[in-house]
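Trainee: Please take a close look at one part of this model with me. Start there, then follow the links outward.

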Amino acid sequence: MALSTGCSDFDFKVNDKVVFSPRPPFSDFEIADDALRVCVEQAIADNTITAAAQLQQLDCPGAGIETLDGLAIFTGITRLNLSSNRIGNLAELEALSTLQILELADNELVDPVPLFGLPALQQLNLEGNTRLQCPARTAFATVEKILLPAHCPNR
C-alpha cells in the first residue's frame with residue numbers, strides 16, 4: 001500500500017483487470033482570458049487537481065490577465081496572487097468565500113467593493129492601483145494586514 005501512493009498516476013491491474021484508475025485532471029471549466037486559463041491549467045497539472053474545489057493556491061503574477069471571468073468555479077482557493085496584471089473588475093472574486101490571502105498589487109482596479117464581503121480574508125495587497133477608490137476604514141475591518149495605494153489614507 002505504501003508504494004501505491006507514489007504511483008497515483010498509473011492504472012493498477014490484477015489478472016489483466018483494472019482495479020484502480022486515477023481520476024483525470026479537472027477540466028470542466030471555461031475561462032475567457034487566455035493568460036488566466038493557462039495559469040489555472042498549469043496549477044491543476046502541478047497539483048493533480050481532479051475537482052474545482054481542490055484548487056487552493058493560484059499564483060499568476062505578471063501574466064497579462066485582464067479578466068477573471070470563470071474563476072468563481074474554484075471556490076476552494078485560499079491564496080491568490082494576481083499582482084502585476086491588467087485586471088479591472090473584481091466581481092468574480094465574490095464567490096471565493098475561503099480566500100484568505102489576496103495579492104492584487106499593480107493592476108487597474110477602481111472598485112474594491114466586491115472584496116468587502118469575503119469572510120475569510122486576512123491579508124490584502126492593493127498597492128499600485130492608482131485609480132482605486134479608497135475604501136472606508138471600516139470596509140476591511142476584519143482583514144489583519146492591508147496594503148493600499150499611496151493615494152489612500154493609512155488604515
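**Helix H1 and beyond**

Mentor: Start with the exposed residues. Val 38, Ala 45 and Asp 46 are exposed, on the other side of H1 from the buried set. Keep in mind that this is a predicted model.

Now the buried set. Leu 36, Cys 39, Val 40, Ala 43 and Ile 44 are the buried residues in H1. Viewed down the helix axis, the buried residues fall within an arc of 135°, so they line one face of H1. The spacing pattern has a general basis. An α-helix makes a turn every 3.6 residues, so residues three or four places apart point the same way.

What does the buried face of H1 pack against? Strand E3 is the partner of those buried residues.

Next, the length. H1 counts 13 residues. From first C-alpha to last, H1 reaches 18 Å, close to the 18 Å expected at 1.5 Å a residue.

Now the two ends. At the N-terminal end, Asp 33 acts as the cap of H1. A side-chain oxygen of Asp 33 sits 3.0 Å from the backbone nitrogen of Ala 35. Just after H1, Thr 48 has a positive phi of about 50°.

Go back to Cys 39. Its partner is Cys 60, and the two form a disulfide with sulfur atoms 1.9 Å apart. The pair joins distant parts of the chain, 21 residues apart. Cys 39 is in helix H1, residues 34-46. Cys 60 is in the loop between strand E3 (57-59) and strand E4 (79-81). Both Cys 39 and Cys 60 are buried. The link is left-handed, with -90° about the S-S bond.

From Cys 60, step across to Ser 83. That serine lies in the loop between E4 and E5. Ser 83 counts as buried because its relative accessible area is 11%, and the cut-off for buried is under 20%. Setting aside residues up to four places away in sequence, Ser 83 touches Cys 60, Pro 61, Gly 62, Glu 103, Leu 104, Ala 105 and Asn 107.

The cap residue of H1 leads elsewhere. Asp 33 is one of the residues that Glu 66 touches. Glu 66 is placed in the loop between E3 and E4. With residues up to four places away in sequence left out, the other contacts of Glu 66 are Arg 86, Ile 87 and Gly 88. The side chains of Glu 66 and Arg 86 share a polar contact of 2.8 Å. Glu 66 also has a C-alpha separation of 9.3 Å from Asp 34, although the two are 32 residues apart along the chain. Is Glu 66 buried, exposed or partly exposed? Its relative accessibility is 43%, so Glu 66 counts as partly exposed.

Next, the other disulfide. A search of the whole structure gives two disulfides. Cys 134 and Cys 152 form a disulfide, with sulfur atoms 2.1 Å apart. Cys 134 is in the loop between strand E6 (123-125) and strand E7 (145-147), and Cys 152 is in the segment after E7, so this pair ties together parts 18 residues apart in sequence. The torsion about its S-S bond is about -90°, so this disulfide is left-handed. What about burial? Cys 134 has 33% relative accessibility and so counts as partly exposed. Cys 152 has 6% and so counts as buried. Number the bonded cysteines in sequence order, and the pairing reads 1-2, 3-4.

Last, the rings. A search of the whole structure turns up four aromatic pairs. One of them is Phe 26 with Phe 29, stacked at 5.8 Å centre to centre with 20° between the planes. Phe 26 and Phe 29 are both buried. Another pair is Phe 116 with Phe 140, edge-to-face at 5.1 Å centre to centre with 80° between the planes. Phe 116 is in the loop between strand E5 (101-103) and E6, and Phe 140 is in the loop between E6 and E7, so the pair ties together parts 24 residues apart in sequence. Phe 116 is partly exposed because its relative accessibility is 33%. Phe 140 is buried because its value is 4%. Ring pairs also join Phe 26, Phe 29 and Phe 74 into a cluster.

Key: Residues numbered from 1 in each chain as written. Predicted model: local features only at pLDDT ≥ 70, side-chain atom pairs only at ≥ 80, totals over all residues. Heavy atoms only, no water. Disulfide = S-S within 2.5 Å. Helix = DSSP H or I, 4+ residues; strand = E, 2+ residues; numbered from the N terminus. Buried < 20%, exposed > 50% of the residue type's maximum accessible area, 1.4 Å probe, protein only. Expected span 1.5 Å × (residues − 1). Arc of directions from axis to C-beta. Contact = heavy atoms within 4.5 Å. Polar contact = N/O pair within 3.5 Å; in protein donor to acceptor, adjacent residues only side chain to side chain. Phe/Tyr/Trp six-rings, centres within 6.5 Å; stacked < 30°, edge-to-face > 60°.
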